[in-house]
Amino acid sequence: VAGLAASLVVRSRRRAAWNAELAEAEAEAAWFARTLIPQLQQAEGLDAMAGGWRVGGSDRVVAVEDRLTGLASAAPDEPGATRASEVRDAVRTARLGVEDLISSRDATAAARVLGSLAASLTAVIDPPPPLP
């Protein structure tokens with residue numbers, strides 16, 4: 001009985017640690033959607049946007065994407081793995097969208113594209129509550 005109790009305590013601690021790591025990664029994804037992308041929207045031209053992306057966050061965004069990949073593979077259960085994968089995929093899509101926008105040199109689409117990327121990422125981070 002003591003062995004079973006100890007095993008359950010260890011499993012509970014691992015799950016709690018994993019959940020805390022996921023929450024931190026989701027907070028980084030939220031920073032990308034709510035802080036970095038709006039800062040990029042306010043940049044004066046694509047060169048400034050590209051500089052802001054390189055200096056302000058591309059490495060940080062790639063790091064959270066990698067972290068979410070690790071969390072998906074180490075998840076304690078299938079719903080956790082699915083959640084980590086969904087957030088990772090949304091971060092990746094937004095990151096690639098920013099990179100594509102910068103390389104396209106299409107300044108006229110910048111605000112619209114960035115707004116759409118932020119909205120899509122936010123929708124995954126903050127999903128609507130389930131219907132009753």
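Is arginine 67 buried, partly exposed or exposed? In this predicted model, arginine 67 is partly exposed, and its relative accessible area is 29%. The sections below place this residue among the helices and then turn to the side-chain pairs.

**Overall form**

The protein is built from five helices and has zero strands, and the order of these elements along the sequence can be written α-α-α-α-α. Its radius of gyration is 18 Å, well over the 14 Å that the globule rule gives for 132 residues, so the protein is more spread out than a compact globule. Taken along the principal axes, the box filled by the C-alpha atoms comes to roughly 65 × 35 × 20 Å.

Of the 132 residues, 34% count as buried, while the exposed area of the protein is about 7700 Å², of which carbon and sulfur atoms supply 58%. When contacts between residues at least 6 apart in sequence are considered, 73% of them join residues at least 24 apart.

**Salt bridges between helices**

The count of salt bridges in the model comes to 11. Three of them are set out here, each with the distance between nitrogen and oxygen.

| Acidic residue | Basic residue | N to O distance |
|---|---|---|
| glutamate 24 | arginine 67 | 2.6 Å |
| glutamate 26 | arginine 83 | 2.7 Å |
| glutamate 28 | arginine 60 | 2.6 Å |

The bridge between glutamate 24 and arginine 67 links distant parts of the chain, since glutamate 24 belongs to helix 1 and arginine 67 to helix 3 (residues 58–73), with their positions 43 residues apart in sequence. Glutamate 24 is partly exposed, with a relative accessible area of 46%, and arginine 67 is likewise partly exposed, at 29%.

The side chains of glutamate 26 and arginine 83 also meet in a salt bridge, and this pair joins helix 1 to helix 4 (residues 78–104), its two members being 57 residues apart. What is the relative accessibility of glutamate 26, and does it count as buried or exposed? Glutamate 26 has a relative accessibility of 19%, and because buried means under 20%, glutamate 26 counts as buried. Arginine 83 also counts as buried, at 19% relative accessibility.

In the bridge between arginine 60 and glutamate 28, arginine 60 lies in helix 3 and glutamate 28 in helix 1, so the pair ties together parts that are 32 residues apart in sequence. Arginine 60 is partly exposed, with a relative accessible area of 37%, and glutamate 28 is partly exposed as well, with a value of 23%. Elsewhere, salt bridges that share partners join Glu65, Arg88, Asp89, Arg92, Arg95 and Glu99 into one network.

**Aromatic rings**

Arginine 60, already met as the partner of glutamate 28, also lies over the face of tryptophan 31, at 3.7 Å from the ring centre.

The structure holds one aromatic pair. The ring centres of phenylalanine 32 and tryptophan 53 are 5.8 Å apart and the ring planes stand at 35°, so the pair is tilted. This pair, too, links distant parts of the chain, with phenylalanine 32 in helix 1 (residues 2–41) and tryptophan 53 in helix 2 (residues 46–56), 21 residues apart. Both phenylalanine 32 and tryptophan 53 are buried.

Note on methods
Residues numbered from 1 in each chain as written. Predicted model: local features only at pLDDT ≥ 70, side-chain atom pairs only at ≥ 80, totals over all residues. Heavy atoms only, no water. Phe/Tyr/Trp six-rings, centres within 6.5 Å; stacked < 30°, edge-to-face > 60°. Helix = DSSP H or I, 4+ residues; strand = E, 2+ residues; numbered from the N terminus. Buried < 20%, exposed > 50% of the residue type's maximum accessible area, 1.4 Å probe, protein only. Lys NZ or Arg CZ within 6 Å of the ring centre and 35° of its normal. Salt bridge = Lys/Arg side-chain N within 4 Å of Asp/Glu carboxyl O. Rg over C-alpha atoms; globule rule 2.2 N^0.38 Å. Contact = heavy atoms within 4.5 Å. Areas by Shrake-Rupley, 256 points an atom, 1.4 Å probe, with all protein chains shown as cover.
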